[in-house]
Amino acid sequence: MTDPTSPLSPTAAQDEYAMRLALDQALNARLVGEVPVGAVITHMVDGVPQVLATGYNRPITTNDPTAHAEVVALRHAADLLGNYRLPGCTLYVTLEPCAMCAMALMHARFARVVFAAPDPKTGAAGSVVDLFAEPRLNHHTHVEGGLLADAAGSLLRDFFAERRAALRAEREAAADAARLPVPEVIESHFGPMD
Ligand SMILES: [Zn+2]
């Protein structure tokens, strides 16, 4: 009989494969203009890790400040298993979890969390705080960082560089527009104003 909570751990190659899937999820976030972070949840079935759920960062598109990749994925996984706890599962995420996600993962009793790039601004797995190592919190979630960190980090750096360039172009276009004789332009393009 299949035991979805088998304690057998994935191999390094299986970890890398799952993180590559998480990177694909991060690309989905970028496609909709969200900060590119992706997550994948696996569990062991007959000694082989199987993908249970995926998620990508989408707080802006869903008007939901909690819609980080980890939370999106863990809601799908919990729904699928019909269980508010996910013991024996591994979550792969392309960016170090924040405090909200770290606690959500601990509440869900994840066996293991693997992240790619560190987050020096809000990382709660060692960068700003390490909630996973806090002995006063009752949990058993093992955390590892750095897997495919370069790929995940450059995805984020490229995203923010593109966003800065777009903002700069927007500001320059606005400055150019401010120098134009606006009423005439509006009339010639759209007809007389009311
Ligand atoms: Zn988070």
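**Exercise 1. How many bridges join E4 to E5, and do these strands run parallel or antiparallel?**

Let's work on this predicted model one strand pair at a time.

Step 1. Look between E4 and E5: four bridges join them, and the two strands run parallel. For one concrete pair, take Val113, whose bridge partner in E5 is Val143.

Step 2. Move to the other pair that involves E4. E3 and E4 also pair in the parallel sense, over five bridges. Here Tyr92 has Val114 of E4 as its bridge partner.

Step 3. Now try E1, which covers residues 38-45. Eight bridges join E1 to E2, and these two strands run antiparallel. Val45 finds its bridge partner, Val48, in E2.

**Exercise 2. Work out the order of the strands in the sheet, and find which strands stand at the edges.**

Step 1. Put the five strands side by side: the order is E2-E1-E3-E4-E5, in an open sheet with mixed pairing.

Step 2. Check the ends of that order. E2 (48-56) and E5 (142-145) each have a single partner strand, so one side of each is left without a neighbour in the sheet.

Step 3. Add the twist, which averages 20 degrees from one strand to the next.

**Exercise 3. Describe how helices are placed around the sheet.**

Step 1. Start with H1, residues 12-31, which lies across E1, E2, E3 (90-95) and E4 (112-117). Its direction is at about 145 degrees to E1.

Step 2. Continue with H4, residues 149-179. This helix packs on the sheet and touches E3 and E4, making about 55 degrees with the direction of E4.

Step 3. Follow the chain from E3 through H3 (residues 99-107) to E4: together they make a right-handed β-α-β unit.

Step 4. Place these pieces in the whole chain. There are five helices and five strands, and along the sequence they follow the pattern α-β-β-α-β-α-β-β-α-α.

**Exercise 4. Is E4 mostly covered or mostly open, and which residues touch the most other members of the largest nonpolar core?**

Step 1. Count buried residues in E4: five of its six are buried, so the strand is mostly covered. Over the chain of 194 residues, buried residues make up 36%.

Step 2. Turn to the largest nonpolar core, which has 46 residues; Ala73 and Leu91 touch the most other members. Among the elements that give two or more residues to this core are H1, H2 (69-81), E3 and H4.

Step 3. Zoom in on Ala73. Leaving aside neighbours within four places in sequence, its contacts include Ala39, Val40, Ile41, Ala53 and Leu91.

**Exercise 5. Decide whether Ala151 is buried or exposed, or something in between.**

Step 1. Find the residue: Ala151 sits in helix H4.

Step 2. Use its neighbour count. Ala151 has 15 C-beta neighbours inside 10 Å; a buried residue needs 20 or more, and an exposed one has 12 or fewer. Ala151 therefore counts as partly exposed.

Step 3. Compare sequence with space: Ala151 and Thr94 are 57 residues apart in sequence, with 8.8 Å from C-alpha to C-alpha.

**Exercise 6. Which part of the chain should be read with care?**

Step 1. Begin with the chain as a whole: the mean pLDDT is 90, and 88% of the residues reach 70 or more.

Step 2. Then pick out residues 1-7, where the pLDDT is below 50. This stretch has 12 contacts in the model beyond near neighbours in sequence.

Step 3. Draw the lesson: where pLDDT is low, the predicted coordinates should not be read in detail.

Technical notes. Residues are numbered from 1 along each chain as its sequence is written. This is a predicted model: local features need pLDDT of at least 70, side-chain atom pairs count only at pLDDT 80 or more; totals for chains, interfaces and linings use all residues. pLDDT is the predictor's confidence in each residue, from 0 to 100. Two residues are in contact if their C-beta atoms, placed from the backbone, lie within 7 Å. Two strands pair if DSSP finds at least two bridges between them. Axes are lines fitted to C-alpha atoms, for helices over the stretch in contact, and angles run from 0 to 180 degrees between N-to-C directions. A crossover is right-handed if, with the strands pointing away from the viewer, the path from the first strand over the helix to the second runs clockwise. A nonpolar core is a set of buried Ala, Val, Leu, Ile, Met, Phe, Trp, Tyr and Cys residues joined through C-beta atoms within 7 Å.
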